[in-house]
Structure formats: C-alpha cells, structure tokens
Amino acid sequence: MRLVSLQVKNFRVFKELSLAFPDNVIGIIGPNGAGKSSIIEAISWALYGTQVARSGKDEIKSVFAGRWDPCEVCLEFAVNGEIYRVFRRLAGRFERPEVELFRGETSESVGVNETRRYVQELLGLDWRGFRTSFLARQQELNAMSDLRPAERRDQLAGMLGIERLDKAIQKVKEDSRSNERQAGFLERQLAETSGIELRIMELTKRVSQLSRQVSSLEGVQREAEAAFEKASDHFLKVQQAKSAWLQLQAKCEAEEKTTAHLSEQLHNLKEEASKLTQYQQELAELEKKLTDLPDFRVQLEAMKLAKSRLEMRLTLTKQETNLTHEKSQVEARIAANGKMLADYDGQLNTIPDNVRNLLAEEQRRLEQAHNEFAHLREQKVSLEGEIGKLKQQMASIAQFGPDSVCDRCLRPLGDSLPEIKAHLSNELSKLQTAAGELDGRLRIKEEEGKKLKESCQDLEAKAKAHYELTVKKEASLKEQKSLTQRKEELQSKLSEVSEQLGQLRQVHFDERQFSSLAKTVEQLEQAHSRYNRLKGELSRSPAVDKAIEDHTQKLAAAGETVASLKAELEKLAFSEKDFETAQQSFQAAQKLLESAKNEHLAASKEQELNQKELEGKLEQRKRFEQAEEELETCRTSQYYGEKLAGLLAQFRSYLIAQIRPTLAEFSSRLMSEMTSGKYSLVELDEKYNLRVMDYGQYYAVDRFSGGEKDLANLCLRLAISLALTESAGLSRSFIILDEVFGSQDSERKDLIVKALANLKNRFPQIFLITHVEELRDRVEELIEVIPTGAGWSEV
Ligand SMILES: Nc1ncnc2c1ncn2[C@@H]1O[C@H](COP(=O)(O)OP(=O)(O)OP(=O)(O)O)[C@@H](O)[C@H]1O
Ligand SMILES: [Mg+2]
C-alpha cells in the first residue's frame, strides 16, 4: 500500500491542505504544535474514521471553522497497482459523518460501516492492525521499553494480533465450561427418570379400569334417576291432595270457631234481655216510692235554713262574750300604764334637764386640774434634780478642798473655796424653799381633782337614769296609744254584734226531726239515682232484641256451612298414612340417586386425576428424551470445545515461538546498519525482554545508553511493522515514524535515516515526522508545516 495524495479542509489546524506523496524518505518538519501529527491523523481518519483518531468527533473539525463549513479529508492510495480514493466528511451543523470509497472512478462503498468493512478487507488489517503496521507513534517506543516483561509480552501480543487469538481461546473455554455445566444439570435431571415407566404403566391400567367403572356407574345413575322421577311424581300428587285437605280442614275449623263464638254471643244477649225485663219491674216500684220526694226536699231545705240561723246566733253570742272580756282586760292595762307614766314623770322631775351639759363642763374642769397637777410634778422633779446636783458639787468640794476644779473654767478653786461654799449653801436653801412651796400647791391640786372626780361620777349616774326613764316613758306612751286604739276597736265590734243579735229573731229548730227527715231524703235520693240508671239501661232494650234476632240467623247459616264442609272432607278421603308412605319412598329414591351420583362423580374424578398424572408423566418422558438428546449434544460440544481450546493454545505458542526469531532477525539487521556494525545482534528472550549483544554476550537494553536503548526499541518497532505488513501480504508499503529521533546524536540520526533509506524495497515511502531542524537536509523530500497565526497552519 502506498499513499498518493491528501486533501484536507477545516481539519484541526488546517483550513485547507493539499499534499502529494512521492516514493521517498519524506520529512514532515515543523515546530511543536504546528500540526505535523495532525497530517497523519487525517490519513488514519480518512481510512478508519473516528475510532483511530486521538480524540472524539467533536474535536476533529477545526474550532476556527464556521458552523456550516464542512470538515473534509480526501485520501488517494494505491493497493496492488489499483488507485483508491476515500472521501470522508463531517457535514452540516450537527457534523453528521459521511464517507464514500472509490476504486478508480467506481464507488465501492458508502457509509461508515460499509466503508470500514471494505478497507479492512482490502488492507487485511483492522484499525488496530493498521496502526501497528504503518504508524510508529510519538511516545510509543519509550512506553514499550518501560513496560514490565509480562506487559511487554501482552503489548507485543496485542500488536501482532495474538490477543484476538487469546480472546478466541477464552471464548471456546467459556463455551466448553457452559456446556459442561448444562450437561451436569441435564444429568441430574435425568437421574430422576427411574420409576417413571412403571408409573406410566400403572396409570394406563388404572385409567382404563376407571373408564369401565365410570360407564357402568353411569347406567346405575340413569336407573336411579328414573326411579326418583317416578317416586317424585307420586309424592307430588299426594302432597297436593294433603294441602287441599289441610285447607278444607282449616276452613271447617274456622267456621266451627265462628259458630261457637256466635252461640256464646247469643247466650250473652239473651241474658241481658232477661236482666232488662227485671229492670222494667224495679222501675215501676221505684216510681211509686219517689212520689213524696219533692215535698220532703222542700221541708229539708227549710229545716237546714233554721239550723244555720241557730248556729249563727250561737256564734254571735260567743263573740259578744269574748269581746266584752277582752275590752275589760284592755281597760285594766290602760289604767296600770297611766299609773306608771305618772311615776316616770315624778322621777324625771328630780333630775335637771341639762344634766348632760353639766357633766361635760365638770369633765373639762377635771381634765384641766389633771394637767396643772402634772405640770407642777414636772417642776418638782426638775427642782429635785438641781438640788441633787448641788449637793453632789458641795460633797465633791468638801472632799477635795481648795484642789476642787471649777466646773466652768476647770481651774482649781484655791482661795475662792469658802466664798463658793457659802454661795452654794445659799443656793441650796433657796431651792429647798421653792420645793416646799411646790409640795403645798401639789396637795391643793390633788384635793381639787378628787372633788371634781366625785362630782363627775354623780352627774354621770344622773344622766344615765334620765336617759333610761325617758326611754321607758316613750315605750309606755306608745303602748298606751295602741291600747286605747284596741279599746275603741273592741267597742265598735261589740256594737256591731249586738246589732246583729238584735236583728236575729227567736229560731225554732228540732234536731231529731231534722236528722230523721235528712235520712229519709238521702234514701229516696239513692232510689232516684237508681231509677235514672235503670231508665238508661232500658233504652238499650230494642237494640238487644235486634241483635238477638241477627245472631240467631247467623248461627243457623254457620251451622249449615260447617255441615257442608264436613261433607266435602268426607268426600276427599285423604289418609296421613298414604302420605307418609309416599314420602318415605320419595326420600329413599332420592338417597339412592345421590349415592349413585356421588359414586359416579368420585370415579370420574379419580379417572380425571389419573389421566392428568398420566399426561404429565408422558410429557415428562418426552422432556427426558429431549434432555438426553441435549446432553449428548452438550457432551460432544464440550469435548470438541476442549479439543479446540487445546489446539488454539498450541497454535498460539507456535505463533509466539515463530514471531520471536523473526522479530530478532529483523531487529538485528536494522541495529547493525544503524550502528555501523557496532551492535549486530538483538534478541527477544522467553520473557520478551529486549536484549542486545555486546562483546559476544547478550545484555538487557537497560544496560546500554539512553540513545542506544531508544535505537534498539526503534529497530524492534520497525521489525514488528515489517512482520505485520508481510503477514498481511503488503510487501511494499509506507511507514510513518512520528518523533522517533528523541535522544539520538547527530551521527546516529544520519545512520538512522540512511538505514531507513535502505529499507526502500520494503517501505518505498518513509515519513519522518520531527521538529528537529537538522534533519531538513538529510531527507529526500520535505513537507514543512508552518503556523500562520490565529490557530491556523499551512505547508
Ligand atoms: N479541532 C481543532 N481545531 C483547532 N486546533 C486543534 C484542534 N484539535 C487540536 N488542535 C491543535 O492543533 C495543534 C496541532 O497538533 P499536532 O499534534 O498536529 O502538532 P504537532 O505538530 O504534531 O506538534 P508536536 O511536535 O508537539 O508533536 C495543537 O496545538 C492542538 O491544540
Ligand atoms: Mg506531533
């Protein structure tokens, strides 16, 4: 495979890019971030789409492009002499991916999936294979040398596509295990089959037995049903006859009850009629008796009047006596009260009317005398104090003599002592004289106070007596007034009673005659009320006569009805015994039918259950047969699966065993060229450690310088590409090496470029991407990537 040309629009930093790729060592040079790797990415994206790009769809289109501007890449490439053109774009506002591939001018595939499949088939590589074969990417070499052996082995396995083989082995093993599990499960299921055949035989036999039994029981049930129907018809007829007989019987009994009731009522009515006839006779006798009753009533009223007058007279006489007696009592009390009033007046005349004023005056004088006495006592006490002090001073002077101190100036008295002593005794005698006078005045005042106190007590007693007499007099006067009033009232009542007595004439009244007349009248009044009651009773007489006539007629009719109903009952000729016999035969037939039905039902149910179980068992047997077939398949699949896994594992080991010497051979050749024969042998040991021979002995790459280590890794990477392109049948192809010069010195860079140029028979196109300026002159073709500002670049 060779690359022919590339056209790009709005792809990352390129607004527009158009490149033609000749067969040569082509340098893609530019500063960091210029867009060198983006060119390689455009090629990969054109062939395999977003999955092979380093970022998602959203980041492929240039951020500087307009919303509606499309992002497009058109890659022309040649495979086995045929020219292909793949055209991929992100279209529209939503960046919908579109892709079409042409062989010459013929469209071979349209759409993402179809084109991916086409490219995969054409190149014999999926996107991972493509990346490993044609692209040695930035950082990849260093990363590979830093891996642990196991990781490196896996990495190599991944690069060489062995991981897909691993996955296939894994899948075959899993399928085999799942088949084993399923087979185990089926075997356990099949272990339960023992006894099923026996059970199926038993059930088949039992089902056919039951089927015969059910059909025989069906016949029995039909016979029982016919017998039941017959018994039921007969019983129904007998029941109808019984109900008709019972109805008639009830009717007859009701009529008999009516007859009895009517004859009882008639009997009562007749008794009432005879009673009324007796009343008629009694009434005639009472009429005779009551002829004198009006006269007797008049006489009795007159006597009642006389009696009441007599009673009135007696009452009035009694009142007159009582009033006269009370009047004489009141008069006596008036006289006694008059006497008392005269006595009170006599006593009051002995006490002056202004006794209260006199008492107040005397009390004021007594209080004044008390105050004066107290004042004099105070004067006496003060005087006695002064005398005491003077006596003390005189005693002190007598004791200390001329050394005594003056109580004013506090200087000793000295020579003035006799003069002062005389003065002091003079003063003392004056004070004692004044005290004697005060004692005299105190005695006089005390005497005056005593007299005034006595006078006050006397006046207080008089004032109290005056008050009590005045109260008593007022009470007597009040009583006297009310007694006089009462006397006048009694006098007027007495005159009234005398007048009434005068008006009442002498009354004639005989008590015995009165009570005998009253008794006679009472008896006659009772007879009169009986007379009235009987008259009322007799008014019902015509109605009673009529009722007797009605009842007699009704009774005759009811008697006739009863006789006719009894005749009908006779005719029906119903017998309870016949009924009971019919009922018993009906119940027996019913029982028989029920038991026939139950037996039939039980047998049918049993048959159904057995049938169901039989069907279940047959179904189970079918499943077991299927399971046996499935078990066979599982075991076969498991066997072949295990076999296949073994074969694949052997194949894997073979592949790995084959690839190691191939890679070692390629790597050794390249290493020798790139180091001018200094290092001519490189190997991958069993653990996939990269080892280089120096002075006849292999060493791990870590033992060499950083540049030599990078070189050894580059050789191994190129060897992998060679191996892969060869196995894909792409004998002549391109290779892209992105920043692989890292730590190489100038001479080594030269050697690498030269060694690469020597690979032209396998890689006619070698792309060297680098920011190292010195390589500019060493490559045969140059693509210079130049940033033009504002995020864009061009070549
Ligand atoms: N969708 C995009 N639109 C615009 N610029 C982008 C977009 N995606 C990535 N870039 C920028 O494009 C630039 C070019 O990246 P690229 O990897 O091609 O550079 P390079 O030349 O390989 O640099 P280096 O030498 O450092 O590897 C980067 O600066 C990156 O940020
Ligand atoms: Mg880069």
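## The parallel sheet

In this predicted model, five strands make up an open sheet in which the pairing is parallel and the order of the strands is 8-12-13-3-14. At its edges stand strand 8, residues 135-136, and strand 14, residues 781-784, each of which pairs on one side only. Strand 12, residues 734-738, runs parallel to strand 13, residues 765-770, and the two are joined by 5 bridges; within this pairing, L737 has L768 of strand 13 as its bridge partner.

Helix 1, which covers residues 36-48, packs on this sheet and touches strand 3 (25-29), strand 8, strand 12 and strand 13, with a direction that makes about 120° with that of strand 3. Helix 15, residues 746-757, lies across strand 3, strand 12 and strand 13, and runs at about 155° to strand 13.

## Two hairpins

Strand 1, residues 2-11, pairs with strand 2, residues 14-20, in the antiparallel sense, and 6 bridges connect them. Among the partners in this pairing are Q7 and S18, the latter belonging to strand 2. The two strands form a hairpin with 2 residues between them, where R12 takes a positive phi near 45°.

A further hairpin is made by strand 15 and strand 16, again with 2 residues between the strands, and A790 in its turn has a positive phi of about 55°. Strand 15 spans residues 786-789 and strand 16 spans residues 792-794, their antiparallel pairing extending over 3 bridges. In this pairing, I786 is matched with E794 of strand 16.

## The antiparallel sheet and helix 13

Another open sheet consists of 3 strands in the order 9-10-11, and here the pairing is antiparallel. Its edge strands are strand 9, residues 682-684, and strand 11, residues 697-700, each pairing on one side only, while the twist from one strand to the next averages 35°.

Between strand 9 and strand 10, the latter made of residues 690-694, there are 3 bridges, and the two strands run antiparallel. E683 stands opposite R691, a residue of strand 10. Helix 13, which extends over residues 576-674, lies across strand 9 and strand 10 and runs at about 155° to strand 9.

## The surroundings of ligand 1

Ligand 1 is surrounded by 19 residues, of which the closest are G33, G35, K36, S38 and E59. Two of the residues just named make backbone contacts with the ligand: a polar backbone atom of G33 is 2.7 Å from an oxygen atom of ligand 1, and a polar backbone atom of E59 is 2.7 Å from one of its nitrogen atoms. V63 also takes part, with a backbone N or O atom that lies 3.0 Å from a nitrogen atom of ligand 1. Taken alone, the ligand exposes 660 Å², and the protein buries 74% of that area.

## Division into domains

The chain is divided into domain 1, which is assembled from residues 1-124 and 730-795, and domain 2, which covers residues 351-503. Taken over C-alpha atoms, the centres of domain 1 and domain 2 are separated by 152 Å.

Terms used: Residues numbered from 1 in each chain as written. Chains lettered and ligands numbered in written order. Predicted model: local features only at pLDDT ≥ 70, side-chain atom pairs only at ≥ 80, totals over all residues. Heavy atoms only, no water. Pairing = 2+ DSSP bridges. Helix = DSSP H or I, 4+ residues; strand = E, 2+ residues; numbered from the N terminus. Axes fitted to C-alpha atoms, helices over the stretch in contact; angles between N-to-C directions. Contact = heavy atoms within 4.5 Å. Domains from an automatic or database assignment. Near = heavy atom within 4 Å. Polar contact = N/O pair within 3.5 Å; in protein donor to acceptor, adjacent residues only side chain to side chain. Areas by Shrake-Rupley, 256 points an atom, 1.4 Å probe, with all protein chains shown as cover.
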